[in-house]
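User: I am new to this structure and would love a close look at one part of it. Could you walk me through the sheet and then show me what lies elsewhere in the chain?

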Amino acid sequence: MTDGSLTGYRVLARKYRPDRFSELIGQDALVRTLSNALSLGRLAHAFVLTGVRGVGKTSTARLLARGLNCIGPDGTGQPTLEPCGQCEPCQAIAAGRHVDVLEIDAASHTGVDDAREIIESVGYRPVSARYKIYVIDEVHMMSKNAFNALLKTLEEPPETVKFIFATTEIRKVPVTILSRCQRFDLRRVPSEVLATHLQSVCEKESIAAESEALTAIARAAEGSVRDALSLLDQAAAMSADRMTVDSIAEMLGRPGRADAIAILDSAMRGDAASSLAALASAHDGGAEPEMIIADLMDLVHRASLKAAGGSPDALLEVEREPVTALAELGIARLGRSWQMLLKGHGEVSSAPQPMAAAEMLLIRLAHLATMPPPSDIIRRLAADQPDAANNQPGAAPAGNTAAPSASSAAPTPPTAGPQTAPHPSSAATAPIGSLPSAPIAMSANGGDMQTAMEPVRAVPADVAEPGPAMPQSLLDISDLAEAHDEPLLAAQIRSHVRLVRLQDGLLDISLTERAPDSLAGDIAKQLTRWTGTRWMVSLSDGPAGQTIAEERQQARQAQHDSIAATPLMKTILEVFPGAEIESVKPVIQPDEDQDQ
Ligand SMILES: [Zn+2]
């Protein structure tokens with residue numbers, strides 16, 4: 001083709017269509033299975049070939065048709081995986097003019113009439129060949145009726161008939177059909193194999209190309225031999241002399257790999273300005289914002305594979321070092337970046353100004369780099385609220401005596417961190433509703449962005465000291481119920497009782513609508529029993545407080561609001577668009593998790 005004359009030029013994808021199974025690229029498993037079946041004489045009546053576009057389904061179907069009907073140069077050959085290419089059937093099939101080999105594209109012939117035609121012709125013996133062969137491409141496109149008609153034939157196929165189906169969507173082919181076929185899954189061709197193939201084509205065609213350029217084409221083809229050869233055709237036509245990585249990048253509308261690396265590297269270092277500059281330069285060079293983001297995702301993906309101990313497929317020379325450096329950021333960080341890029345990619349695709357969306361995305365990505373990891377955020381949040389943080393759930397009023405003795409033994413706390421300073425007094429006087437300091441469980445859209453949670457301590461229930469002590473509050477009463485093994489009553493008290501008045505032996509309450517009728521009576525009876533004092537419980541219309549449950553809910557909301565209002569949390573919510581504070585949970589103090 002370098003000689004200029006385009007007349008008679010055959011596109012590479014056609015010129016290098018395989019003539020024999022040994023030339024089929026990247027489908028070794030299929031070839032082995034077929035050759036075994038052939039040598040054992042165990043050929044099915046019907047085959048289904050499935051795989052993504054361009055991996056060689058049609059080529060395989062035609063090769064198989066030739067192999068089945070080849071009679072060899074001397075006319076005595078048997079079915080073979082190496083069709084001779086010289087006998088009459090071989091040549092006629094290759095030229096698409098053999099009367100006994102029918103190629104049908106189901107995408108354009110989906111009706112039952114076509115199927116009926118097939119069935120009618122199935123009854124006749126082959127005119128000249130060994131087998132009558134029906135190659136049905138895109139078989140999943142056939143109508144239901146056509147499938148039914150075909151099924152009858154497949155159930156009792158004449159000895160001399162073979163079906164070869166090809167499909168990109170095997171799931172749409174009825175199981176009744178599949179179960180009567182020998183199935184072959186054609187694999188996507190690995191980039192390395194494709195690149196090697198391209199190399200050999202270039203040598204035969206005298207195309208000068210950098211091997212990196214061929215790797216770039218192979219990767220863009222995503223496993224399709226046909227696409228790879230078409231791209232090579234295109235690139236060869238565009239490259240005056242030598243095909244380079246940059247010329248390929250330009251042709252594909254992608255940033256050069258070096259550009260993509262510069263954009264990502266700056267963003268991951270938190271340098272938004274440099275990242276934006278690199279983006280602008282790639283854009284000026286003709287790269288589409290969507291493609292740029294896709295390439296960044298590709299880099300992050302490869303780095304994640306590496307970080308996870310895998311080996312990313314077909315790394316370009318220019319990528320090796322940056323990908324290794326990225327991998328060192330760790331899977332967690334890469335995972336967050338990936339998620340942000342994935343979401344951003346959708347925004348870039350749908351934004352009226354894709355470039356603006358890409359810029360916003362890079363700014364967020366750079367901002368993420370300056371953020372501490374979630375585990376540190378949790379610690380900082382805890383540190384921001386020392387009082388609340390010290391309100392250890394374990395330090396309940398009854399435990400008052402234990403804490404000071406622990407701190408008086410200060411010289412020898414085995415697991416104490418540098419800052420061990422329990423404040424038992426603040427814990428003891430903590431109001432009912434106040435919850436301990438809390439990390440935040442965030443969920444972004446995907447819900448995958450759960451921050452690592454510190455183990456949560458259960459609040460002990462043994463707060464009440466059973467005995468003659470008279471309850472002073474609703475909470476005391478519900479605690480009494482818990483202490484006397486009446487969890488249901490305790491729960492009912494917390495949910496349904498509003499306090500109007502509480503004095504020695506007198507309890508005036510109002511109840512919520514959903515309170516059980518017997519609740520007031522139950523409370524009176526049990527209080528009398530627990531305290532040894534006679535209790536009067538009456539329902540009152542007087543001004544009542546909130547239920548314990550309502551108080552707690554309110555306290556939680558207040559805490560939620562105050563956390564959302566901290567500068568750190570505001571930043572988090574900005575940086576993770578769509579994130580929200582999902583729940584607020586108690587956490588043990590930062591200095592106590594060192595022994596984990
Ligand atoms: Zn032949």
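Analyst: In this predicted model, five strands line up as an open sheet in the order β2-β3-β4-β1-β5, and their pairing is parallel. At the edges sit β2 (101–105) and β5, each of which pairs on one side only. Ignoring direction, neighbouring strands of this sheet are turned by 15° against each other on average.

Let us begin with strand β1, residues 46–50. On one side β1 pairs with strand β4 (residues 161–167), in the parallel sense and over five bridges. β1 also pairs with strand β5 (residues 182–185), again in the parallel sense, over four bridges. Valine 48 is a handy residue to click on: its bridge partner in β4 is phenylalanine 165, and its bridge partner in β5 is arginine 183.

How many of the five residues of β1 are buried? Five of the five are, so the strand is largely enclosed by the rest of the structure. In a regular strand, side chains alternate between the two faces of the sheet. Here both faces of β1 are covered, with Ala46, Val48 and Thr50 buried on one side and Phe47 and Leu49 buried on the other.

Now move to the β2 edge. β2 pairs with strand β3 (residues 132–137) in the parallel sense, over five bridges, and valine 101 stands opposite isoleucine 133 in β3. A helix belongs in this picture too: α3 (residues 57–69) lies across β1, β2, β3 and β4, and it runs at about 170° to β4.

Next comes a pair of helices. Two packed helices are described by the angle between their axes and the distance between the axes. For helix α12 (residues 257–268) and helix α17 (residues 354–370), the axes come within 7 Å and cross at roughly 45°. That angle makes α12 oblique to α17. On the α12 side the contact is made by Ile263, Ala267 and Met268, and on the α17 side by Leu362, Leu365, Ala366 and Ala369. Sorted by class, this contact of α12 with α17 has seven nonpolar residues, no polar ones and no charged ones.

Serine 275, in helix α13 (residues 272–284), ties in with this pair. Setting aside neighbours within four places in sequence, serine 275 is in contact with Ile263, Ser266, Ala267, Leu362 and Ala366. Is serine 275 buried or exposed? Serine 275 counts as buried because it has 26 C-beta neighbours inside 10 Å. Serine 275 and leucine 365 are 90 residues apart in sequence, yet 9.8 Å apart in space from C-alpha to C-alpha.

Further along the chain there is an open sheet of three strands, in the order β7-β8-β9 and with mixed pairing. Its edge strands are β7 (497–503) and β9 (536–539), each pairing on one side only. The neighbouring strands of this sheet are turned by 25° against each other on average, direction ignored. β7 and strand β8 (residues 506–511) run antiparallel and are joined by six bridges, with glutamine 503 standing opposite leucine 506 in β8. Helix α24 (residues 519–531) packs on this sheet, touching β8 and β9, and its direction makes about 165° with that of β9.

How values were computed:
Residues numbered from 1 in each chain as written. Predicted model: local features only at pLDDT ≥ 70, side-chain atom pairs only at ≥ 80, totals over all residues. Axes fitted to C-alpha atoms, helices over the stretch in contact; angles between N-to-C directions. Helix = DSSP H or I, 4+ residues; strand = E, 2+ residues; numbered from the N terminus. Parallel < 35°, antiparallel > 145°, perpendicular 65-115°, else oblique. Contact = placed C-beta atoms within 7 Å. Nonpolar A, V, L, I, M, F, W, Y, C, P; charged D, E, K, R; others polar. Buried ≥ 20, exposed ≤ 12 C-beta atoms within 10 Å, placed from the backbone. Pairing = 2+ DSSP bridges.
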